[in-house]
Amino acid sequence: MPTLREIARTAPFMHHGSIATLEDVIEYYDRGGNRNPGLDPEIRPLHLPSAEKQNLIAFLRSFNGHEAGR
Ligand code: HEM
C-alpha cells in the first residue's frame, strides 16, 4: 500500500489515477472493490453508514501536515 501521508492533496488516487476523490475511494472500498478474477474473497462489500464514511474521510484528511486541504 502506498503512503497515505498528505493523501488529501494527492488526487487522483490509485496508481493509474483511476479514482478522482477521497469520497470515491471510500465508495470503491464500500462496494468491495471492482469485481475481477483475482479478487480475494475477504474483500467484500462493507455497507458502511454514511457517518462512518465521513469519519474515514476525516481520518484520511488528518494525515495532512497542515490544515486539511481538499
Ligand atoms: C476502508 C478501508 C481502506 C481505506 C480508507 C483505504 C484508503 C486508500 C487510499 C486513499 C488509497 C490511495 C492511495 C494513493 O492513491 O496514493 C489506497 C490505495 C491502496 N490500498 Fe487501500 N484503503 C482501505 C483498505 C485497503 C485494503 C483492505 C487493502 C488490501 C487488502 C488496501 C490496499 C491498497 C493498495 C494495494 C493500494 C494501492 C492501489 C493502487 O495504487 O492502484 N486498502 N487505499
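## Report on a predicted two-helix chain

Ile-19 is partly exposed, because 16 other C-beta atoms lie within 10 Å of its own; by the convention used here, a residue is buried if 20 or more other C-beta atoms (placed from the backbone) lie within 10 Å, exposed if 12 or fewer, and partly exposed in between. This is a predicted model, in which local features need pLDDT of at least 70 and side-chain atom pairs count only at pLDDT 80 or more, while totals for chains, interfaces and linings use all residues. Residues are numbered from 1 along each chain as its sequence is written.

Ile-19 is placed in the segment before H1. Leaving aside its neighbours within four places in sequence, Ile-19 is in contact with Pro-12, Phe-13, Met-14, Asp-24, Val-25 and Tyr-28, where contact requires the C-beta atoms of two residues, placed from the backbone, to lie within 7 Å.

**The chain as a whole**

The chain has 2 helices and 0 strands, both kinds of element being DSSP runs numbered from the N terminus (H or I, at least four residues, for helices; E, at least two, for strands). The C-alpha trace spans about 40 × 30 × 15 Å along its principal axes, and buried residues make up 1% of the 70 residues in the chain. Of the contacts with a separation of 6 or more, 50% are accounted for by residues 24 or more positions apart.

**The helix pair**

The axes of helix H1 (residues 22–30) and helix H2 (residues 50–61) come within 10 Å and cross at roughly 125°; these axes are lines fitted to C-alpha atoms over the stretch in contact, and the angles run from 0 to 180 degrees between N-to-C directions. H1 and H2 are therefore oblique to each other, since angles under 35 degrees count as roughly parallel, over 145 as roughly antiparallel, 65 to 115 as roughly perpendicular and the rest as oblique. H1 passes H2 in a right-handed crossing, a term that applies if the near helix is turned clockwise from the far one by less than a right angle, with anticlockwise giving a left-handed one. On the H1 side the contact is made by Leu-22, Glu-23, Ile-26 and Asp-30, and on the H2 side by Lys-53, Leu-56, Ile-57 and Leu-60. These residues divide into 5 nonpolar, no polar and 3 charged, with Ala, Val, Leu, Ile, Met, Phe, Trp, Tyr, Cys and Pro counted as nonpolar, Asp, Glu, Lys and Arg as charged, and the others, Gly among them, as polar.

**Backbone features outside the helices**

In the segment before H1 lies Pro-12, and the peptide bond from Ala-11 to Pro-12 is cis, with omega near -5°. Two residues that are not glycines have a positive phi, as tabulated here.

| Residue | Phi | Place |
|---|---|---|
| Met-14 | about 70° | segment before H1 |
| His-47 | about 50° | loop between H1 and H2 |

Met-14 counts as exposed because it has 10 C-beta neighbours inside 10 Å, and His-47 is exposed, with 9 other C-beta atoms within 10 Å.

Glu-42 also lies in the loop between H1 and H2, and Glu-42 is exposed, with 6 other C-beta atoms within 10 Å. The C-alpha atoms of Glu-42 and Gly-32, which are 10 residues apart along the chain, are separated by 9.1 Å.
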